[in-house]
Amino acid sequence: MSTITSTQPMTPPAAPPLADVYRMDIDEFERVADFLKAERVELIDGFVVERAKMDPPHVFASEALRRLLDRLVPEGWFVREDKPIRVHPTYEPLPDLAIVQGTFATYLTRHPDPADVAIVIEVADSTVARDRREKLVNYAKGGISVYWIFNLANHQVEVYTGPRRGGYKKPRIFKPGQAVPVVINSAEVGRIAVADILPPEPSAETNGS
């Protein structure tokens, strides 16, 4: 007795439905962050996001600003660079800079939260839209009292204060030739000249005009 084998292709089984997207909180994120392949990751609204790479102007501005702030911050405060802050339960970013109270040892077993932070600073070039929207809203939601955007794209510094639902009050804008006051615990401790941080704007000759 012969056996006839069908030459018709078999229909593959249907793929299982996609699982619901999983969002995690800060505690879960901190348990797994060290095991992720990406070198620099943030928790953004419960999602793990790889931090954008920095181009040379961004690196220059961040380093210049950190050195200037190091000279101004009073005893009992220090500047953290590119380190986590626990802003709210589903938001743990890596701001470019933050002025926090205490010493390095204060954060041996935890990251700072908004009560520890005087100023959060983001240096923005290609990320201006994100820094003005998603980051701004989340910093305000967490109660970060002062938020600076060093806006390389528009050659200005934007200072946001008065966190409220959905954002901050209208920002104060500082341009080259002006200086940004550094306020810690309601006291001005010095000023940062915008021109010392932002690269000079291209001249007409450079543009070929």
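Leu97 finds its bridge partner in strand β5, where Ile121 takes that role, and this pairing in the predicted model is a convenient place from which to read the sheet outwards. The neighbouring residue Ala98 is likewise bridged to β5, its partner there being Val120. Taken as a whole, the contact between β4 and strand β5, which spans residues 117–124, consists of four bridges, and the two strands run antiparallel.

Ala98 also has a partner in another strand, for Arg80 is bridged to Ala98 in β4. Arg80 lies within the range of strand β3, residues 77–81, and β3 pairs with β4 in the antiparallel sense over five bridges. In general, the strands of a sheet pair through backbone hydrogen bonds, and the arrangement may be either parallel or antiparallel. With β3 as one partner and β5 as another, strand β4 itself, residues 97–101, has four of its five residues buried, so it is largely enclosed by the rest of the structure; buried here denotes a relative accessible area under 20%.

The wider sheet to which these strands belong is an open one of six strands, ordered β3-β4-β5-β6-β7-β8, and its pairing is mixed. Its edges are formed by β3 and by β8, residues 172–174, each of which pairs on one side only. From one strand to the next, the twist averages 20 degrees.

Two helices pack on this sheet. Helix α2, residues 56–72, touches β3, β4, β5 and β6, the last of these covering residues 146–151, and the direction of α2 makes about 170 degrees with that of β3. Helix α3, residues 128–142, touches β5, β6 and β7, where β7 covers residues 156–161, and the direction of α3 makes about 175 degrees with that of β6. Strands β5 and β6 are thus named among the contacts of α2 and also among those of α3.

Seen across the whole chain, the secondary structure comprises three helices and 10 strands, which follow one another from the N terminus in the order α-β-β-α-β-β-β-α-β-β-β-β-β. Among contacts between residues at least 6 apart in sequence, 54% join residues that are at least 24 apart. Of the 209 residues in the protein, 40% are buried, while the area that the protein exposes comes to about 12600 Å², with carbon and sulfur atoms supplying 55% of it.

Definitions and conventions. Residues are numbered from 1 along each chain as its sequence is written. This is a predicted model: local features need pLDDT of at least 70, side-chain atom pairs count only at pLDDT 80 or more; totals for chains, interfaces and linings use all residues. Side-chain values use heavy atoms; hydrogens and water are left out. Buried means under 20% relative accessible area, exposed over 50%, partly exposed in between (1.4 Å probe, protein chains only). Contact means heavy atoms within 4.5 Å. Accessible areas come from the Shrake-Rupley method with a 1.4 Å probe; for residues, only the protein chains shown count as cover. Two strands pair if DSSP finds at least two bridges between them. Axes are lines fitted to C-alpha atoms, for helices over the stretch in contact, and angles run from 0 to 180 degrees between N-to-C directions.
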